[in-house]
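Here is a short tour of one protein model. Have a look at the chain first, and then let us walk through a few of its features together.

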Amino acid sequence: MIEDLIRRAADEDDDAIEELGEIAAADPQRLSPYHGALLDLDLLWPATLYRAAGADVVGRVIEQVDGGRTPDRLNHLLLILAHSAHPLAEDALRRWSTHPPAGADDLHVGVLSYAAEGGWTIGPDGNRRDLCADVAHRWVMRDAPASADRSACPWCASPLWVAADLDTTDPAIGAALAHTGWSGRLVVETCHFCACYTTLYSRVTPAGATTWWADNTRPSYLGGDTGPEDPPTLLPVAGPALASPYQASAWNQGGSTLGGRPDWIQDAEHADCPGCGEPMDYVGLIGGADLDEFGEGAYYLHLHQPCGFAAVNYQQS
Ligand SMILES: [Zn+2]
Ligand SMILES: [Zn+2]
(Lines give C-alpha, C1' and ligand atoms only; values in the text may rest on other atoms or scores of the structure.)
(Ligands and ions follow the chains in the order given, each with its own letter.)
Protein backbone atom coordinates (compact mmCIF):
# COMPACT_ATOMS: atom_id res chain seq x y z
CA MET A 1 0.00 0.00 0.00
CA ILE A 2 2.75 2.48 0.92
CA GLU A 3 4.70 1.52 -2.22
CA ASP A 4 1.60 2.33 -4.24
CA LEU A 5 1.15 5.69 -2.48
CA ILE A 6 4.80 6.55 -3.15
CA ARG A 7 4.45 5.66 -6.83
CA ARG A 8 1.39 7.90 -7.11
CA ALA A 9 3.06 10.68 -5.09
CA ALA A 10 5.99 10.61 -7.52
CA ASP A 11 3.41 11.38 -10.25
CA GLU A 12 2.32 14.39 -8.20
CA ASP A 13 -0.94 12.80 -7.05
CA ASP A 14 -2.04 15.17 -4.25
CA ASP A 15 -4.32 12.61 -2.58
CA ALA A 16 -1.44 10.16 -2.29
CA ILE A 17 0.83 12.85 -0.85
CA GLU A 18 -1.86 13.73 1.68
CA GLU A 19 -2.28 10.09 2.68
CA LEU A 20 1.45 9.72 3.17
CA GLY A 21 1.34 12.85 5.33
CA GLU A 22 -1.39 11.29 7.46
CA ILE A 23 0.70 8.15 7.95
CA ALA A 24 3.68 10.30 8.95
CA ALA A 25 1.47 12.02 11.55
CA ALA A 26 -0.17 8.93 13.03
CA ASP A 27 2.83 6.60 13.00
CA PRO A 28 6.01 8.14 11.54
CA GLN A 29 8.00 4.88 11.89
CA ARG A 30 5.84 3.21 9.25
CA LEU A 31 7.58 5.26 6.59
CA SER A 32 11.11 4.47 7.80
CA PRO A 33 11.67 1.55 5.39
CA TYR A 34 10.72 3.84 2.49
CA HIS A 35 12.78 6.96 3.17
CA GLY A 36 15.58 5.84 0.86
CA ALA A 37 13.08 5.31 -1.96
CA LEU A 38 11.47 8.70 -1.31
CA LEU A 39 14.87 10.34 -1.56
CA ASP A 40 15.72 8.39 -4.75
CA LEU A 41 12.49 9.70 -6.30
CA ASP A 42 13.32 13.25 -5.17
CA LEU A 43 10.10 13.30 -3.13
CA LEU A 44 11.28 15.91 -0.64
CA TRP A 45 7.95 17.46 0.25
CA PRO A 46 6.24 17.50 2.70
CA ALA A 47 9.38 17.24 4.81
CA THR A 48 7.27 15.80 7.66
CA LEU A 49 7.39 12.45 5.82
CA TYR A 50 10.98 12.19 7.08
CA ARG A 51 10.20 12.56 10.81
CA ALA A 52 11.47 9.09 11.64
CA ALA A 53 14.43 9.15 9.21
CA GLY A 54 17.42 7.17 10.47
CA ALA A 55 21.16 7.84 10.26
CA ASP A 56 21.46 6.43 6.68
CA VAL A 57 18.90 8.74 5.13
CA VAL A 58 19.87 11.76 7.26
CA GLY A 59 23.48 11.14 6.20
CA ARG A 60 22.46 11.09 2.53
CA VAL A 61 20.58 14.39 2.89
CA ILE A 62 23.60 15.99 4.59
CA GLU A 63 25.86 14.72 1.78
CA GLN A 64 23.49 16.19 -0.79
CA VAL A 65 23.67 19.60 0.92
CA ASP A 66 27.45 19.39 1.30
CA GLY A 67 27.77 18.31 -2.35
CA GLY A 68 26.27 21.67 -3.30
CA ARG A 69 24.83 20.43 -6.60
CA THR A 70 21.18 21.11 -5.67
CA PRO A 71 21.20 24.59 -4.07
CA ASP A 72 17.64 25.10 -5.37
CA ARG A 73 16.52 22.26 -3.09
CA LEU A 74 18.33 23.49 0.01
CA ASN A 75 15.12 24.72 1.66
CA HIS A 76 13.46 21.29 1.34
CA LEU A 77 16.58 19.43 2.45
CA LEU A 78 16.96 21.61 5.56
CA LEU A 79 13.31 21.08 6.43
CA ILE A 80 13.83 17.32 6.21
CA LEU A 81 16.77 17.57 8.58
CA ALA A 82 14.78 19.77 10.96
CA HIS A 83 11.86 17.34 11.08
CA SER A 84 14.15 14.34 11.50
CA ALA A 85 15.56 16.04 14.63
CA HIS A 86 18.39 13.50 14.29
CA PRO A 87 21.67 14.19 16.18
CA LEU A 88 23.50 14.12 12.82
CA ALA A 89 21.10 16.75 11.52
CA GLU A 90 21.75 18.82 14.62
CA ASP A 91 25.53 18.65 14.06
CA ALA A 92 25.15 19.59 10.41
CA LEU A 93 22.91 22.61 11.11
CA ARG A 94 25.42 23.80 13.72
CA ARG A 95 28.29 23.43 11.24
CA TRP A 96 26.40 25.21 8.44
CA SER A 97 25.43 28.07 10.77
CA THR A 98 29.08 29.20 10.58
CA HIS A 99 29.95 27.68 7.16
CA PRO A 100 26.78 28.13 5.09
CA PRO A 101 26.17 25.60 2.32
CA ALA A 102 25.56 26.44 -1.36
CA GLY A 103 22.21 28.15 -1.78
CA ALA A 104 22.09 29.57 1.77
CA ASP A 105 22.18 33.14 0.43
CA ASP A 106 18.73 32.62 -1.06
CA LEU A 107 17.12 31.40 2.18
CA HIS A 108 14.85 33.74 4.11
CA VAL A 109 16.27 32.71 7.48
CA GLY A 110 19.56 31.40 8.83
CA VAL A 111 20.23 27.68 8.62
CA LEU A 112 19.94 27.15 12.38
CA SER A 113 16.47 28.72 12.41
CA TYR A 114 15.21 25.70 10.48
CA ALA A 115 15.39 23.69 13.71
CA ALA A 116 12.24 25.49 14.88
CA GLU A 117 10.26 23.84 12.07
CA GLY A 118 11.07 20.53 13.74
CA GLY A 119 10.21 21.89 17.19
CA TRP A 120 13.69 22.31 18.65
CA THR A 121 16.38 24.94 18.99
CA ILE A 122 20.03 25.32 19.91
CA GLY A 123 20.28 27.37 23.10
CA PRO A 124 22.92 30.01 23.93
CA ASP A 125 24.88 27.28 25.77
CA GLY A 126 25.17 25.40 22.48
CA ASN A 127 22.88 22.62 23.67
CA ARG A 128 19.77 21.45 21.94
CA ARG A 129 16.43 22.22 23.57
CA ASP A 130 13.20 20.52 22.52
CA LEU A 131 10.38 23.04 22.45
CA CYS A 132 7.52 20.54 22.32
CA ALA A 133 6.08 17.63 24.24
CA ASP A 134 6.31 14.04 23.05
CA VAL A 135 2.84 13.33 24.38
CA ALA A 136 -0.40 14.92 23.28
CA HIS A 137 -4.01 14.99 24.39
CA ARG A 138 -7.04 16.04 22.43
CA TRP A 139 -8.35 19.33 23.81
CA VAL A 140 -12.11 19.11 24.17
CA MET A 141 -14.17 22.31 24.47
CA ARG A 142 -16.44 22.70 27.46
CA ASP A 143 -18.60 25.63 28.54
CA ALA A 144 -16.40 27.89 30.62
CA PRO A 145 -17.48 28.54 34.19
CA ALA A 146 -19.11 31.95 34.41
CA SER A 147 -16.27 34.35 35.11
CA ALA A 148 -16.50 37.01 37.71
CA ASP A 149 -15.42 40.31 36.19
CA ARG A 150 -12.57 39.48 33.79
CA SER A 151 -10.13 42.22 33.02
CA ALA A 152 -10.54 43.94 29.70
CA CYS A 153 -8.06 44.08 26.85
CA PRO A 154 -6.23 47.43 27.14
CA TRP A 155 -6.35 47.76 23.35
CA CYS A 156 -9.88 46.80 22.26
CA ALA A 157 -11.68 46.78 25.65
CA SER A 158 -13.07 43.28 25.04
CA PRO A 159 -13.07 41.00 28.09
CA LEU A 160 -9.89 38.91 28.09
CA TRP A 161 -10.27 35.27 27.06
CA VAL A 162 -9.04 32.36 29.15
CA ALA A 163 -7.49 30.18 26.46
CA ALA A 164 -6.35 27.52 28.93
CA ASP A 165 -6.57 26.73 32.64
CA LEU A 166 -4.18 23.89 33.39
CA ASP A 167 -2.92 22.19 36.52
CA THR A 168 0.07 19.88 36.50
CA THR A 169 -1.37 17.88 39.40
CA ASP A 170 -3.46 16.20 36.70
CA PRO A 171 -1.02 13.55 35.42
CA ALA A 172 -2.06 14.02 31.76
CA ILE A 173 -1.41 17.75 31.98
CA GLY A 174 1.79 17.22 33.98
CA ALA A 175 3.12 14.96 31.20
CA ALA A 176 2.11 17.37 28.43
CA LEU A 177 3.89 20.23 30.22
CA ALA A 178 6.90 18.25 31.53
CA HIS A 179 9.23 19.77 28.89
CA THR A 180 8.36 23.28 30.10
CA GLY A 181 9.39 22.64 33.70
CA TRP A 182 6.11 24.15 34.90
CA SER A 183 4.66 22.90 38.16
CA GLY A 184 1.32 24.18 39.43
CA ARG A 185 -1.60 25.94 37.86
CA LEU A 186 -1.21 27.73 34.55
CA VAL A 187 -3.85 30.14 33.32
CA VAL A 188 -3.23 31.52 29.84
CA GLU A 189 -5.29 34.63 29.31
CA THR A 190 -5.20 36.68 26.14
CA CYS A 191 -7.32 38.83 23.88
CA HIS A 192 -9.23 36.60 21.46
CA PHE A 193 -9.32 39.45 18.94
CA CYS A 194 -5.98 41.28 19.28
CA ALA A 195 -3.99 38.00 19.39
CA CYS A 196 -4.91 37.62 15.71
CA TYR A 197 -2.65 40.57 14.90
CA THR A 198 0.41 40.12 17.05
CA THR A 199 1.92 37.83 19.67
CA LEU A 200 0.41 38.74 23.04
CA TYR A 201 2.39 38.06 26.20
CA SER A 202 1.24 37.66 29.78
CA ARG A 203 2.98 37.18 33.10
CA VAL A 204 2.01 33.92 34.79
CA THR A 205 2.63 32.32 38.17
CA PRO A 206 2.21 28.71 39.38
CA ALA A 207 -0.60 29.95 41.63
CA GLY A 208 -2.65 30.51 38.47
CA ALA A 209 -2.24 34.28 38.39
CA THR A 210 -2.08 35.95 35.00
CA THR A 211 -1.47 39.56 34.03
CA TRP A 212 -1.33 41.30 30.68
CA TRP A 213 2.29 42.20 29.93
CA ALA A 214 2.52 45.99 30.02
CA ASP A 215 5.10 46.03 27.22
CA ASN A 216 2.92 44.28 24.63
CA THR A 217 3.27 46.46 21.54
CA ARG A 218 0.11 47.42 19.75
CA PRO A 219 0.56 47.15 15.98
CA SER A 220 -0.11 50.42 14.21
CA TYR A 221 -2.52 48.70 11.82
CA LEU A 222 -4.75 47.38 14.62
CA GLY A 223 -8.21 48.93 14.35
CA GLY A 224 -10.13 48.47 17.61
CA ASP A 225 -12.79 50.99 16.65
CA THR A 226 -15.53 48.34 16.45
CA GLY A 227 -16.06 48.35 20.22
CA PRO A 228 -15.68 45.49 22.67
CA GLU A 229 -16.83 42.00 21.74
CA ASP A 230 -17.32 38.93 23.86
CA PRO A 231 -14.67 36.20 23.56
CA PRO A 232 -15.66 32.52 23.27
CA THR A 233 -17.26 31.03 26.38
CA LEU A 234 -15.48 27.70 25.84
CA LEU A 235 -12.53 26.34 27.75
CA PRO A 236 -10.44 23.39 26.55
CA VAL A 237 -10.14 20.38 28.89
CA ALA A 238 -7.71 17.50 28.39
CA GLY A 239 -9.39 14.62 26.59
CA PRO A 240 -8.04 11.29 25.38
CA ALA A 241 -4.32 10.79 24.76
CA LEU A 242 -3.36 10.77 21.08
CA ALA A 243 -1.43 7.95 19.45
CA SER A 244 1.35 10.30 18.33
CA PRO A 245 2.44 13.90 19.08
CA TYR A 246 1.87 14.93 15.44
CA GLN A 247 -1.93 14.81 15.20
CA ALA A 248 -2.95 18.38 16.05
CA SER A 249 -4.92 20.04 13.28
CA ALA A 250 -5.08 23.78 12.83
CA TRP A 251 -7.79 23.24 10.22
CA ASN A 252 -10.28 20.57 11.30
CA GLN A 253 -12.87 20.45 14.05
CA GLY A 254 -11.51 18.34 16.87
CA GLY A 255 -7.95 19.35 16.00
CA SER A 256 -7.26 21.35 19.17
CA THR A 257 -4.48 19.63 21.06
CA LEU A 258 -2.64 19.99 24.36
CA GLY A 259 1.04 19.15 24.02
CA GLY A 260 2.57 17.40 21.04
CA ARG A 261 3.74 19.38 18.02
CA PRO A 262 2.02 22.41 16.52
CA ASP A 263 0.32 22.16 13.14
CA TRP A 264 1.55 25.46 11.73
CA ILE A 265 -0.57 27.02 8.99
CA GLN A 266 2.37 29.22 7.99
CA ASP A 267 6.06 28.83 8.86
CA ALA A 268 6.89 27.77 12.42
CA GLU A 269 6.44 30.69 14.80
CA HIS A 270 7.63 29.70 18.27
CA ALA A 271 7.27 32.98 20.16
CA ASP A 272 10.47 34.49 21.55
CA CYS A 273 10.40 35.04 25.32
CA PRO A 274 10.44 38.76 26.22
CA GLY A 275 12.42 37.90 29.35
CA CYS A 276 15.42 36.17 27.77
CA GLY A 277 14.96 36.30 23.98
CA GLU A 278 14.98 32.51 23.63
CA PRO A 279 12.15 30.63 21.90
CA MET A 280 9.40 29.71 24.36
CA ASP A 281 8.15 26.17 24.96
CA TYR A 282 5.08 25.15 23.05
CA VAL A 283 1.97 24.28 25.09
CA GLY A 284 -0.83 23.57 22.64
CA LEU A 285 -3.08 24.68 19.83
CA ILE A 286 -6.70 25.79 19.77
CA GLY A 287 -8.30 25.60 16.35
CA GLY A 288 -10.73 28.35 15.37
CA ALA A 289 -13.02 25.58 14.07
CA ASP A 290 -13.42 24.30 17.64
CA LEU A 291 -14.46 27.71 18.97
CA ASP A 292 -16.99 28.65 16.36
CA GLU A 293 -18.78 26.88 13.52
CA PHE A 294 -17.30 29.38 11.11
CA GLY A 295 -14.05 29.83 12.99
CA GLU A 296 -10.78 29.67 11.13
CA GLY A 297 -7.11 29.84 11.88
CA ALA A 298 -5.49 28.59 15.06
CA TYR A 299 -4.21 30.00 18.34
CA TYR A 300 -0.82 28.70 19.51
CA LEU A 301 0.00 28.79 23.23
CA HIS A 302 3.56 29.14 24.53
CA LEU A 303 5.27 29.27 27.92
CA HIS A 304 8.72 30.10 29.27
CA GLN A 305 8.74 28.84 32.83
CA PRO A 306 12.15 30.26 33.90
CA CYS A 307 10.97 33.78 33.05
CA GLY A 308 7.28 33.37 33.97
CA PHE A 309 5.92 34.39 30.58
CA ALA A 310 3.07 32.89 28.54
CA ALA A 311 2.26 33.90 24.98
CA VAL A 312 -0.45 33.38 22.38
CA ASN A 313 -0.05 33.90 18.67
CA TYR A 314 -2.33 33.12 15.76
CA GLN A 315 -2.01 31.99 12.17
CA GLN A 316 -4.46 31.67 9.34
CA SER A 317 -4.26 30.74 5.69
ZN1 LIG B 1 -8.06 43.15 22.33
ZN1 LIG C 1 12.57 33.43 28.95
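In which sense do strand 3 and strand 8 pair, and over how many bridges? Strand 3 and strand 8 (residues 234-241) are antiparallel partners, with six bridges between them; pairing requires at least two bridges found by DSSP. Strands here are DSSP runs (E, at least two residues) and helices are runs of H or I with at least four, numbered from the N terminus.

This is a predicted model, where local features need pLDDT of at least 70, side-chain atom pairs count only at pLDDT 80 or more, and totals for chains, interfaces and linings use all residues. Residues are numbered from 1 along each chain as its sequence is written, chains are lettered from A and ligands numbered from 1 in the order written, and side-chain values use heavy atoms, without hydrogens and water.

Strand 3 (residues 136-143) also runs antiparallel to strand 9 (residues 257-259), joined by three bridges. Two residue pairs illustrate these partnerships:

| Residue | Opposite residue | Strand of the opposite residue |
|---|---|---|
| His-137 | Ala-241 | strand 8 |
| Arg-138 | Thr-257 | strand 9 |

Now to the metal. The zinc ion (ligand 2) has as protein donors Cys-273 (SG), Cys-276 (SG), His-304 (ND1) and Cys-307 (SG), at 2.0 to 2.4 Å; donors are N, O and S atoms within 2.8 Å of the metal (3.2 Å for Na, K and Ca), and water is not among the atoms, so sites may look incomplete. The spacing of these donor residues in sequence is C-x2-C-x27-H-x2-C. The arrangement is tetrahedral because the four donor atoms subtend angles of 101 to 113°, where tetrahedral asks for all angles between 85 and 135 degrees.

Methods:
Tetrahedral: all angles 85-135°; square planar, octahedral: opposite > 155°, others 65-115°.
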